[in-house]
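Reader: I've got a new structure to look at. Could you walk me through reading it?

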Amino acid sequence: MQNNTKPVQEYYTEAEAAEALEISVTRLRYLLDEHVFNDGTARPEEITITYSDLLLLGFWQRSTPNPKVVRMPRRN
């Protein structure tokens, strides 16, 4: 996510969020499925994303797996 002078929106669509993160909508949906909608429930058809959500998504996008970190198993 680039640091720019655009005002922060209150809510973003998936397309706007993907553009802000400089990733594809497909990648955005993967991140959502991997980190948010991982308890067996389906991702809703329409999602509203906040600026704080963008911060987390950006962190997850940039993070790389670390062998020293034990990840919690997916919830089923």
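Author: Sure. Let's start from one residue: Tyr 51 sits in helix α3. Keep in mind that this is a predicted model.

Reader: Is Tyr 51 buried, exposed or partly exposed, and what is its relative accessible area?

Author: Tyr 51 has a relative accessible area of 33%. Buried would need under 20% and exposed over 50%, so Tyr 51 counts as partly exposed. Together with Val 8 and Leu 55, Tyr 51 makes a nonpolar surface patch of about 260 Å².

Reader: Okay, let me step back. Which elements does the chain have, and how do they run?

Author: There are three helices and two strands. Starting at the N terminus, you meet them as β-α-α-β-α.

Reader: And what should I look for inside?

Author: Here's the general idea: in soluble globular proteins, nonpolar side chains tend to be buried together. In this chain of 76 residues, 21% count as buried. The largest nonpolar core has 13 residues, and the members touching the most others are Ala 17, Leu 21, Ile 23, Leu 28, Ile 49, Leu 54 and Leu 57. At least two residues of this core come from each of α1 (14–21), α2 (25–35) and α3 (51–62).

Reader: What does Ile 23 touch, leaving out residues up to four places away in sequence?

Author: Ala 18, Leu 28, Leu 31 and Gln 61.

Reader: How do I read a single helix, then?

Author: An α-helix has 3.6 residues a turn, so residues three or four places apart point the same way. Now try α1, where Glu 14, Ala 17, Ala 18 and Leu 21 are buried. Because they span an arc of only 100 degrees around the axis, they lie on the same side of α1. That buried set packs against β1 (11–12), α2, β2 (49–50) and α3. Right after α1 comes Glu 22, with a positive phi near 60 degrees.

Reader: Which residues of α2 are buried?

Author: Leu 28, Leu 31 and Leu 32. Their arc around the axis is only 100 degrees, so they are on the same side of α2. Their cover includes α1, β2 and α3.

Reader: One more thing: what share of the contacts links residues 24 or more positions apart?

Author: Counting contacts with a separation of 6 or more, such pairs account for 64%. As for the outside, the chain exposes about 6100 Å², and carbon and sulfur atoms supply 52% of that area.

Key: Residues are numbered from 1 along each chain as its sequence is written. This is a predicted model: local features need pLDDT of at least 70, side-chain atom pairs count only at pLDDT 80 or more; totals for chains, interfaces and linings use all residues. Side-chain values use heavy atoms; hydrogens and water are left out. Helices (H or I, at least four residues) and strands (E, at least two) are DSSP runs, numbered from the N terminus. Buried means under 20% relative accessible area, exposed over 50%, partly exposed in between (1.4 Å probe, protein chains only). Contact means heavy atoms within 4.5 Å. Accessible areas come from the Shrake-Rupley method with a 1.4 Å probe; for residues, only the protein chains shown count as cover. A nonpolar core is a set of buried Ala, Val, Leu, Ile, Met, Phe, Trp, Tyr and Cys residues joined through side-chain atoms within 4.5 Å. The arc is that of the directions from the helix axis to the C-beta atoms. Patches are made of residues with over 30% relative accessible area and no salt bridge: like charges are joined within 9 Å, nonpolar side chains (Val, Leu, Ile, Met, Phe, Trp, Tyr) within 5 Å. A salt bridge is a side-chain nitrogen of Lys or Arg within 4 Å of a carboxyl oxygen of Asp or Glu.
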